[in-house]
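Student: Could you walk me closely through one part of this model, the long way round? I'd like to see how it sits among its neighbours, and I want the cut-offs spelled out.

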Amino acid sequence: MQNKIVFISGASSGIGEACAKLFASHGANIILNSRNVAKLASLKCELESKYKVQVLIIAFDVRDSEAARSSIESLAPEWQNIDILINNAGLVIGVDKEFDGDIDEWNTMIDTNIKGLLYLTRYIVPEMINRNKGHIINIGSIAGEAAYPGGSIYCATKSAVKALSDGLRIDLVDTPLRVTNIKPGMVETNFSVIRFRGNKETADNLYKGMQPLTAEDVADSVYFAASAPSHVQIAEILVMPTCQATATIVHKHSL
Ligand code: 8X3
């Protein structure tokens, strides 16, 4: 991974942050993207002091196509050759029934999880094609496999991530570029706190009696796909805790 350039969206926390740490520990230079400049600045300091790597912050909201375009187009020449795009920015808000949900929250999920991923793909992949080199790693979800109660909008966005990953793989089949869809099951990050609109206690209860994945466990799968030999394309990884079988079947021990 030495000297490769890795662009990570949603890099200020959770899986994105864990990927930044893991790829930097293997010598990759990292472009950190999210809206949270303060968190990105402290992550940049940490990575540059621990590892011999360079870290660039480009803070913008992935939902803003114009900000994505201008930020990526104005990258300094030494940062333009992005080797790996990790489309990680994504979220779930609410557990409402489909006929009952909050439309603003739907838009936030759809605009971030689908359109944000598309904008970064649109602005970063053409340069990869020019250089005949690159890997797009989308963070999908077990939620993209089948809908579950209270998750229909989020599940739809992650089904879209699967379709977009498959479609991009088809569109790039005559190139050396690779496309991977990483589909985590239950992972304990701030993700569930946002799902329950800030209620940490409800989020914590979700993981009682079972051992969820950590963000680092998912980053390991991302790194595995990224470090495969160039003729090997890991198309998908479905990774979940040992006590999970599907999005809705989880064995919990009694407390
Ligand atoms: C996160 C996994 O099970 O909460 O994408 O949908 S789950």
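**From the chain start to helix H4**

Tutor: Asn3 is exposed, because its relative accessible area is 59% and exposed means over 50% (buried is under 20%, partly exposed is in between, with a 1.4 Å probe and protein chains only). Before we go further, keep in mind that this is a predicted model, where local features need pLDDT of at least 70 and side-chain atom pairs count only at pLDDT 80 or more, while totals for chains, interfaces and linings use all residues. Residues are numbered from 1 along each chain as its sequence is written, and side-chain values use heavy atoms, with hydrogens and water left out.

Back to Asn3: this residue sits in the segment before strand S1 (5–9), and its phi is positive, about 70 degrees, although it is not a glycine. That catches the eye because most residues other than glycine have a negative phi. Arg197 does something of the kind, with a positive phi near 50 degrees. You'll find Arg197 in the loop between helix H6 (191–195) and helix H7 (200–206), and its 46% relative accessibility makes it partly exposed.

Now the chain as a whole. There are eight helices and seven strands, where helices (H or I, at least four residues) and strands (E, at least two) are DSSP runs, numbered from the N terminus. The C-alpha trace spans about 55 × 35 × 35 Å along its principal axes. With 255 residues, a compact globule would have a radius of gyration near 18 Å, and the chain's 18 Å agrees with that; the value is taken over C-alpha atoms, and the globule rule is 2.2 Å times the number of residues to the power 0.38. Buried residues make up 49% of the 255. Take the contacts between residues at least 6 apart in sequence: 74% of them join residues at least 24 apart. Contact here means heavy atoms within 4.5 Å.

On to the part I'd pick for a close look, helix H4. The axes of H4 (residues 103–131) and helix H5 (residues 152–171) come within 9 Å and cross at roughly 15 degrees. So H4 counts as roughly parallel to H5: that label goes to angles under 35 degrees, while over 145 is roughly antiparallel, 65 to 115 roughly perpendicular, and the rest oblique. The axes are lines fitted to C-alpha atoms, for helices over the stretch in contact, and the angles run from 0 to 180 degrees between N-to-C directions. The H4–H5 crossing is right-handed, which means the near helix is turned clockwise from the far one by less than a right angle (anticlockwise would be left-handed).

Which residues do the meeting? From H4 come Trp106, Met109, Ile110, Asn113, Ile114, Leu117, Leu118 and Thr121, and from H5 come Ile153, Tyr154, Thr157, Lys158, Ala160, Val161, Leu164 and Leu168. That contact breaks down into twelve nonpolar, three polar and one charged residue. In this scheme Ala, Val, Leu, Ile, Met, Phe, Trp, Tyr, Cys and Pro are nonpolar, Asp, Glu, Lys and Arg are charged, and the others, Gly among them, are polar.

Zoom in on Thr121, which is found in H4. At 11% relative accessibility, Thr121 is buried. Leaving out residues up to four places away in sequence, Thr121 touches Leu85, Asn87, Pro126 and Leu168.

H4 has another helix partner. Helix H3 (residues 65–73) packs against H4 with the axes 10 Å apart and an angle of about 25 degrees. That makes this pair roughly parallel as well, and its crossing is right-handed. Here Ser65, Ala68, Arg69 and Ile72 of H3 meet Tyr119, Leu120, Tyr123 and Ile124 of H4, a set of six nonpolar, one polar and one charged residue.

Past H4, Lys133 lies in the loop leading to strand S5 (135–139), and at 42% relative accessibility Lys133 is partly exposed. The C-alpha atoms of Lys133 and Asp83 are 6.8 Å apart, although 50 residues separate the two along the chain. Beyond its neighbours within four places in sequence, Lys133 is in contact with Asp83, Met128 and Leu177.

One last stop brings us back to H5. Asn181, in strand S6 (residues 178–184), is buried at 1% relative accessible area. Among the residues Asn181 touches is Val161, one of the H5 residues that meet H4.
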